[in-house]
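Dear colleague,

I am passing a structure on to you and would be glad if you could look it over. My notes on what was found follow directly after it.

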Amino acid sequence: MLLYDLDVSGNCYKIRLFAALTNTKLDLVPVDLAADQNRDPDFRKLNPFGEVPVLIDGDLTLRDSQAILVYLAGRLTDRSWWPEDALSQATITQWLSVASSEVRNGPNTARLIRKFGYPLDMGTAMRWTDKLLPLLNAHVETQDWFALNRPTIADCALFPYLALAPEGSIDLAPYPALGRWIDRVRKLSGFISMPGL
Ligand SMILES: N[C@@H](CCC(=O)N[C@@H](CS)C(=O)NCC(=O)O)C(=O)O
């Protein structure tokens, strides 16, 4: 399988992390966003949204980090990361949605502004962040993992931009349970890091 990838992208790192944790073999194809390679017509055929990550598996072309996590985890013999029953899937999907919405609008956007100079609104990003982080902290105060009391793709989807939050000038010190969850993810067998972590 091929992953169209960018090393500093937290969305791409979600996939690289999951692959490392589950011994899933991926060949990386770097896409240079700074050089506008994502605007290339050939890349737009793979993903009309012009975004990484994109996964290629034979005839399949799949965009969106959450969708790719679901696909990769669903192919494994070990279904602990994405079980087959509807209730487990729904429980995990609640957190995949948080990753693609609240985390995207909050800590991810703050990092885009502070680290990469995107012309986005820091006040709005911080309002999302200030609402989100207390909720996440409270959730992992009473359980080690976001869903099903074990590591799942929910943790892989949430981890990158929460762990990278300091790159967006977000202080995680007021959220000690979240900090302990970040440490737990870092200790998972096979864990890999990324630039900025
Ligand atoms: N919903 C998508 C978002 C992907 C996304 O935003 N990718 C960024 C890199 S992290 C990108 O390719 N941006 C292209 C651009 O800024 O032009 C996902 O979860 O994969």
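In which loop does Asp64 lie? Please bear in mind while looking that this is a predicted model. Asp64 is found in the loop that runs between strand S4 (60-63) and H3, and its phi is near 85°, which is a positive value in a residue other than glycine. For context, most residues other than glycine have a negative phi, and most peptide bonds are trans.

A second backbone feature concerns the peptide bond from Val52 to Pro53, which is cis, with omega near 5°. Pro53 has its place in the loop between helix H2 (41-46) and S3.

The strands come next. Strand S1 (residues 2-5) pairs with strand S2 (residues 27-30) in the parallel sense, over 4 bridges, and within this pairing Leu3 stands opposite Leu28 in S2. The two strands, taken together with H1, make a right-handed β-α-β unit. S1 is also joined to strand S3 (residues 54-57), here by 3 bridges and in an antiparallel arrangement, with Ile56 in S3 as the bridge partner of Leu2. S3 in turn pairs with S4 in the antiparallel sense over 4 bridges, and Asp57 stands opposite Leu60 in S4. S3 and S4 form a hairpin with 2 residues between them, and Gly58, which is in the turn, has a positive phi of about 60°.

As for the annotation, the UniProt record, an unreviewed entry, gives "domain: GST N-terminal" for residues 1-80. Over residues 1-80 the chain is 36% helix and 20% strand, with the end C-alpha atoms 21 Å apart. The same kind of record, again an unreviewed entry, lists "domain: GST C-terminal" for residues 85-197. Over residues 85-197 the chain is 63% helix and 0% strand, and the end C-alpha atoms are 34 Å apart.

Finally, there is the largest pocket, whose volume is about 790 Å³. Its lining is made up of 31 residues, and of these Asn11, Leu33, Glu51, Val52 and Arg104 lie nearest the centre of the pocket. Val52, then, belongs to this group and is also the residue from which the cis peptide bond leads to Pro53. By residue class, the lining of the largest pocket divides into 13 nonpolar, 9 polar and 9 charged residues.

Which helices each supply at least two residues of that lining? They are helix H1 (10-21), helix H3 (65-75) and helix H4 (86-116), and H4 gives the most, with 7 residues. H1 is thus a contributor to the pocket lining as well as a part of the β-α-β unit with S1 and S2, while H3, which also contributes to the lining, follows the loop in which Asp64 lies. The lining of the largest pocket draws at least three residues from each of domain 1 (2-79) and domain 2 (82-186).

With kind regards

How values were computed
Residues numbered from 1 in each chain as written. Predicted model: local features only at pLDDT ≥ 70, side-chain atom pairs only at ≥ 80, totals over all residues. Heavy atoms only, no water. 1 Å grid on protein atoms, 1.4 Å probe; cavity = no way out; pocket = protein on both sides within 12 Å on 5 of 7 lines; lining within 4 Å. Points joined across faces, edges and corners; volume = space filled by probe spheres on them. Nonpolar A, V, L, I, M, F, W, Y, C, P; charged D, E, K, R; others polar. Domains from an automatic or database assignment. UniProt positions renumbered as here; feature names shortened; annotations may be inferred. Pairing = 2+ DSSP bridges. Right-handed = clockwise from strand over helix to strand, strands pointing away.
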